[in-house]
Amino acid sequence: MSNKQITIPQSPYAITVDHLRIVFDERTSDETLVLDNFSYKFEKNKIYFIIGNSGSGKTTLVSHFNGLIKSKHGDLVIGGLPILGKKRKIKNFKKLRKTVGMVFQFPEYQLFKDTVEKDIIFGPVNLGVKKDEAKLKARTYLKQVGLDESFLQRSPFGLSGGQKRRVAIAGILAIEPDILVFDEPTAGLDPAGEREMLETILDLKNKGKTVFVITHVMDQVLALGDEVVVLGNKKVIASGTPYQIFTNEKLITESELDLPRVIKIIDGLVKRDVKFKSLLDQQPRNVNELAVAINRMISHKEA
């Protein structure tokens, strides 16, 4: 008899959603259908942007990813953990919370301990990490969000708004989840804080994480997104790369989505001269890349 072990291949998907139906106040006069028959396979190590108009179900959808909300209609598999609609309770709930970290729109509102260190270690310790190990993680992730060790014994309530947000995010990172969800991560931040936040999100992907971002800022979608899911009319109305989404004129018109600044500039140039349409082939993600693409185009023409 062979002793050869059978290797079961790992799934390439971080999250699989199968026929998810989200209904609030079901079977009452206030019954509200939020999403109907949502199915999607989210691959690992990508940055996903979930976009759509207010009320389209973006936050409600991602709240299912770590068990904050559970529907009895449809199934999910999160990092290999099944969440079955027919089951009332979620098995391995702590493991699910360790797998998926949620960063809410204003995570600094979640700070409640008397020191920064205590706030950061709260999550890991509650998930079974020893206190000394959690303190090491606190130093590591505080540094990762741009704050030094001198902040550890400071009260979070005496920090600036931007510093509070960084501490709150360090607390989520200290749990070391494989999947992170950011809901409007740059809301209320100044330009420097916004830049740092976007760099943090990109760094997480570079470290092998899968990241979901909800935002109304389409420049961010174009700059960082690997894949975009557009919600509307209680369903997915489109998905694809940022350029597939933002160059779909019918979709943009019907969904009333704003366009990123780069796409607006290219559209303006095309109206002046159709030759600028070739800029879309180069797919610049930000204004600097667009400037390079324009200079390259001009230099090629002069040559």
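A crossing of two helices is called right-handed if the near helix is turned clockwise from the far one by less than a right angle, and left-handed if that turn is anticlockwise. With that term in hand, the reader can turn to the structure above, which is a predicted model, and to the pair formed by helices H3 and H4, whose crossing is right-handed.

Helix H3 covers residues 116–126 and helix H4 covers residues 131–144, and the two pack with their axes 9 Å apart, at an angle of about 120°. H3 and H4 are therefore described as oblique to each other. On the H3 side, the contact is made by Val116, Glu117, Ile120, Ile121, Pro124 and Val125, while H4 contributes Lys131, Ala134, Lys135, Ala138, Arg139 and Leu142. Sorted by class, the residues in this contact of H3 with H4 comprise 8 nonpolar and 4 charged ones, with no polar residue.

These two helices belong to a chain whose secondary structure comes to 12 helices and 10 strands. The chain has 303 residues, of which 45% are buried, and its C-alpha atoms fill a box of roughly 65 × 60 × 50 Å along the principal axes. Among the contacts with a separation of 6 or more, 60% are between residues that lie 24 or more positions apart.

The next feature to look for is an open sheet of 6 strands, in which the order is E6-E7-E8-E3-E9-E10 and the pairing is mixed. Strand E6 (100–103) and strand E10 (235–240) stand at the edges, and each has a single partner strand, so one side of each is left without a neighbour in the sheet. From one strand to the next, the twist averages 20°. In general, the strands of a sheet pair through backbone hydrogen bonds, and they do so either parallel or antiparallel.

Starting from the E10 edge, strand E9 (residues 227–232) pairs with E10 in the antiparallel sense over 5 bridges, and Val228 stands opposite Gly240 in E10. Towards the other edge, helix H5 (residues 161–173) lies across E6 and strand E7 (179–183), and it runs at about 170° to E6.

Between E7 and E3 in the strand order comes E8, and strand E8 runs parallel to both of these partners. To E7, strand E8 is joined by 5 bridges in parallel fashion, with Val211 of E8 as the bridge partner of Leu180. To strand E3 (residues 47–51), E8 is joined by 4 bridges, and these two strands also run parallel; here Phe49 stands opposite Val213 in E8.

How many of the residues in strand E8 (residues 210–214) are buried? The strand is mostly covered, with 5 of its 5 residues buried. Both of its faces are covered, since Thr210, Phe212 and Ile214 are buried on one side and Val211 and Val213 on the other.

Val211, which lies in E8, offers a closer view of this part of the sheet. A residue counts as buried when its relative accessible area is under 20%, and because the relative accessibility of Val211 is 0%, Val211 is classed as buried. Leaving aside residues up to four places away in sequence, Val211 touches Lys46, Ile47, Tyr48, Leu180, Phe182, Ile201, Leu204 and Lys205. The C-alpha atom of Val211 is separated by 21 Å from that of Leu127, a residue 84 positions away along the chain.

How values were computed
Residues numbered from 1 in each chain as written. Predicted model: local features only at pLDDT ≥ 70, side-chain atom pairs only at ≥ 80, totals over all residues. Heavy atoms only, no water. Axes fitted to C-alpha atoms, helices over the stretch in contact; angles between N-to-C directions. Parallel < 35°, antiparallel > 145°, perpendicular 65-115°, else oblique. Contact = heavy atoms within 4.5 Å. Nonpolar A, V, L, I, M, F, W, Y, C, P; charged D, E, K, R; others polar. Pairing = 2+ DSSP bridges. Buried < 20%, exposed > 50% of the residue type's maximum accessible area, 1.4 Å probe, protein only.
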